Amino acid sequence: MDVFGLVGNPVGHSLSPPMHEAAYDELAIDARYVTFEPAPDELEAAIRGADALGVCGLNVTIPFKQDALEVVAADELARRIGAVNTIDFSGDEPTGHNTDAVGALRALRDHDVTLEGADAVVVGAGGAGRAIAFGLADADASVTIANRTPSKAHALAEEVPGAVGQGLEGLEDLLADADVLVNATSVGMEEDATPVPAEALHGELAVLDAVYRPLETRLLREAASVGATTVDGAWMLLYQGVEALELWTDRDAPVDAMNEALRSRL
Ligand code: ATR
């Protein structure tokens, strides 16, 4: 039996096990997906141990995504983002990847959003904002990063090709000409709050919210009410998992089965 898993702390409420195990069932792969919670200073021992035990692949989440970069041979995108969320053990040494960025792009493309040449605004400059901003720039969108703490937006914009950074002021003017808006902050998570004033939203926007609890955040509700295309955070979660599974198995992921397993638990 193949073993895959998730390393993080805490991981008790993770939706990755049912999502991945639905895929194993659908593809008739004899495998399990297990969660692991190493102590903060035991990440390297955990990864070396997993490798020695024949674990096939690991996802990595908070608080280990940045530290994992130092333990495995990370690919170029993961190094630029500064975080590894997927480890593959199939080669001579463990390799590190970041499927969060591509996951966000696939979530948008799945909703018929064109990214090439799009004007995209990413609100938030933390870990999620970093991954999404690099992904959008790689997809040839023009990226503006708007963050509560402007200095963090400026610092991230320096690293992302062609990006511009700013604070949260002036979102209305900025969004008037934008095609894509992404909320990469935690605002809206289990609260009826939004980082973007409703007046700034319009029907030509595609809005992706990285928050998936609740599925319909205030931002998405207000975006839908003006006719914008809305993409909830479960799509991002789904496609980062789809990308990881495809990397590990070299097979097309059964997206519908994974999506159903995920959404039935949200
Ligand atoms: P993650 O890794 O999930 O992105 P993070 O690194 O803690 O989490 O980043 C959280 C992001 O949400 C940051 O961009 C943060 O803005 P600051 O850099 O100014 O802290 C943003 N954020 C959190 N709470 C916010 C709020 N109430 N209003 C606006 N932005 C907020």
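Mentor: The radius of gyration is taken over C-alpha atoms, and the globule rule is 2.2 Å times the number of residues to the power 0.38. This is a predicted model, in which local features need pLDDT of at least 70, side-chain atom pairs count only at pLDDT 80 or more, and totals for chains, interfaces and linings use all residues. Residues are numbered from 1 along each chain as its sequence is written, and side-chain values use heavy atoms, without hydrogens and water.

Trainee: What radius of gyration does the protein chain have, and why does it agree with a compact globule?

Mentor: The C-alpha atoms fill a box of roughly 55 × 35 × 30 Å along the principal axes. A compact globule of 266 residues would have a radius of gyration near 18 Å, so the protein chain agrees with its value of 18 Å.

Trainee: Which residue offers a polar side-chain atom 2.6 Å from an oxygen atom of the ligand?

Mentor: Polar contacts are pairs of N or O atoms within 3.5 Å. Ala125 has a polar backbone atom 2.9 Å from a ligand oxygen, and Arg148 places a polar side-chain atom 2.9 Å from a ligand oxygen. The side chain at 2.6 Å belongs to Asn147.

Trainee: How many charged residues does the shell around the ligand have?

Mentor: In this classification, Asp, Glu, Lys and Arg count as charged, Ala, Val, Leu, Ile, Met, Phe, Trp, Tyr, Cys and Pro as nonpolar, and the others, Gly among them, as polar. The shell has five nonpolar and seven polar residues, and its charged residues number two.

Conventions:
A polar contact is a pair of N or O atoms within 3.5 Å; within protein, one must be able to donate a hydrogen and the other to accept it, and residues adjacent in sequence count only if both atoms are side-chain atoms.
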